[in-house]
Amino acid sequence: MKTYDIILVGAGASGVFASYEFTKLNTNAKILMVDSGFPIERRICPIKTGKTPTCIGCKPCAIMNGFGGAGTLSDGKYNITNNFGGNLHDYVGEEEAIELMEYVDDVLCEFDGGVAKLYSTASSDLKTIALRNDLHLLDAKVRHFGTERNIEILKKMSEYISDKVEMKWRVTVDIVEAKDGGFYLKTSDGEEYFCKDLILSAGRSGSKWISKVCKDNDIPLSSNKVDIGVRVELPAEVFKHITDDVYESKIVYQTKKYNDLVRTFCMNPNGEVVTENTNGVITVNGHSYTDPELQTENTNFALLVSNTFTEPFKDSNEYGESIARLSNMLGGGVLLQRFGDLVRGRRSSERRMQKCFTRPTLKATAGDLSLVIPKRQLDDIIEMIYALDKIAPGTANEDTLLYGVEVKFYNSVVEVNDKLETKIKGLYCVGDGSGVTHSLSQASASGIHIARILDSKY
């Protein structure tokens, strides 16, 4: 049996930044980080290399797993705010949460070596314009590195921590037991480990695993929500006046029909729509680049409707997965529909798509989203598109493209204290897998927080 002082399970944003801080502080501990994915240099999606035009269900998905987690191949966008992206401030305090996120920003900028622009919604006229149209722009500072620069930053971080933190790839942890004042772990390759302190840092893709570990060890969980919606793609000129000003605009709208909240999410100016594979379910997301040669003529963003359930139903993620599976069943993956076809109640066909002025950046199956997304959520999304059309004319154009479905899965919230420690002493849960954070910035900040706590112990 191999023995360590600290083991991190999961190399997502929280695990990476905890490892960074352990290295910077030269923590006097023997540390191991394990992950089901690949090291960063081997995280290559076959779609990007041209080997396949669509998702073929790689296990594990290179976009979702491996060093840096789901954020590595994202558009490298970090929002510094307590207004969205999680509830870390409820555990560490509002000022401390912002300070941690600003520290994360400093680290990223140091590794970047360039001058990535910091946007802010604080002094933007967009907030006033939005309010006049019953839309609400949330305050945030936004740093955008771009997909290509984000990968290079994380490569440098991987090299930086490699002398201090041992890393093991392509294994899952099958058994976690509190034992003899520490923790016993057994991995899928048959190896056994023991550690004094255990950090569960598996991100979104590890949400089911974390829930299982908590249930096996009687750690309380509270049910969370799931966000269901579509990825919108339109000509970049439609949102240029907004993206040039604030880059990432988190806009919230309360629908008149159902009083549901709909929000924009993950805006990618001149970006591309991509697929994700979470637990075998294919959904959509978006990436964007800072290099002009890699940019497209389109901008994409998600429109998401939050769904929180009451008793007796508890499995919100299963609800989201079932809708995504239906899309996969009908379209063989992702479905694509013109907005004009959707509001007319007709499916988009290959013939209609050939006449579409907006050229899709993702190869998807033309179809009918009304056969997949429940009526209530679809009504909310249509109403939101018409609302956005008032501040960005052209959003409700016939040829605006809708990809479905986009689902944001959240782990059940793990009961932790202000140290992000569970009821079992020495067992910590951080990052998006904990249900406490829902963003790159907050997940990274939670990793810094736990590293500083454990550094004082060793």
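What follows is a conversation between a biologist and a modeller about the structure above.

Biologist: What kind of model is this, and where does the numbering start?
Modeller: This is a predicted model, in which local features need pLDDT of at least 70 and side-chain atom pairs count only at pLDDT 80 or more, while totals for chains, interfaces and linings use all residues. Residues are numbered from 1 along each chain as its sequence is written, and side-chain values use heavy atoms, with hydrogens and water left out.

Biologist: Happy with that! What makes Glu-248 count as buried?
Modeller: Buried means under 20% relative accessible area, exposed means over 50%, and partly exposed is in between, using a 1.4 Å probe and protein chains only. Glu-248 has 3%, so it is buried. Its place is the loop between helix 8 (236-246) and strand 13; helices (H or I, at least four residues) and strands (E, at least two) are DSSP runs, numbered from the N terminus.

Biologist: Which residues is Glu-248 in contact with, leaving aside its neighbours within four places in sequence?
Modeller: Contact means heavy atoms within 4.5 Å. Beyond those neighbours, Glu-248 touches Lys-77, Asn-79, Thr-121, Val-142, Cys-266 and Met-267. Lys-77 is 171 residues apart from Glu-248 in sequence, yet their C-alpha atoms are 8.4 Å apart in space.

Biologist: Cys-266 is on that list. What is notable about its phi, and is Cys-266 buried or exposed?
Modeller: Its phi is near 55°, a positive value in a residue other than glycine. Cys-266 lies in strand 14, and its relative accessibility is 9%, so it counts as buried. Asp-180 also has a positive phi, near 50°, but this residue has a relative accessible area of 69% and is therefore exposed. Asp-180 belongs to the loop between strand 8 (173-179) and strand 9 (182-187).

Biologist: How do you know that strand 13 and strand 14 pair?
Modeller: Two strands pair if DSSP finds at least two bridges between them. Strand 13 (residues 251-254) and strand 14 (residues 261-268) have 3, in the antiparallel sense, with Leu-261 as the bridge partner of Gln-254. Strand 5 and strand 13 share 2 bridges, also antiparallel, and there His-136 is partnered by Val-252.

Biologist: What sheet do these strands belong to?
Modeller: An open one of 8 strands with mixed pairing, in the order 5-13-14-17-12-20-18-19. Strand 5 (136-137) and strand 19 (365-366) are its edges, each pairing on one side only. Helix 12 (residues 375-388) packs on the sheet, touching strands 12, 13, 14, 17 and 20, and its direction makes about 135° with that of strand 17. Such axes are lines fitted to C-alpha atoms, for helices over the stretch in contact, and angles run from 0 to 180 degrees between N-to-C directions.

Biologist: Why is strand 15 described as largely enclosed?
Modeller: All 7 of its 7 residues are buried, so the rest of the structure largely encloses it. Glu-272, Val-274, Glu-276 and Thr-278 point one way, and Val-273, Thr-275 and Asn-277 the other. Strand 15 pairs with strand 16 (residues 281-287) over 7 bridges in the antiparallel sense, and the two form a hairpin with 2 residues between them.

Biologist: What makes a set of residues a nonpolar core?
Modeller: The members are buried Ala, Val, Leu, Ile, Met, Phe, Trp, Tyr and Cys residues joined through side-chain atoms within 4.5 Å. The largest core has 75 residues, and Met-157 is one of those with the most contacts inside it. Helix 4 (residues 94-112) gives the most to this core, 8 residues. Apart from it lies another core of 43 residues, among them Phe-301 and Met-384.

Biologist: How do you tell a cavity from a pocket?
Modeller: On a 1 Å grid over the protein atoms alone, a cavity is a set of points where a 1.4 Å probe fits but cannot get out, whereas a pocket is an open set with protein on both sides within 12 Å along at least five of seven lines; lining residues have an atom within 4 Å of a point. Grid points are joined across faces, edges and corners, and a volume is the space filled by probe spheres set on the points. The search finds 1 cavity of 30 Å³ or more, and the largest cavity holds about 50 Å³. Helix 1 gives the largest share of its lining, 3 residues. The second largest pocket has about 420 Å³ and 24 lining residues, with Cys-45 and Glu-272 among those nearest its centre.
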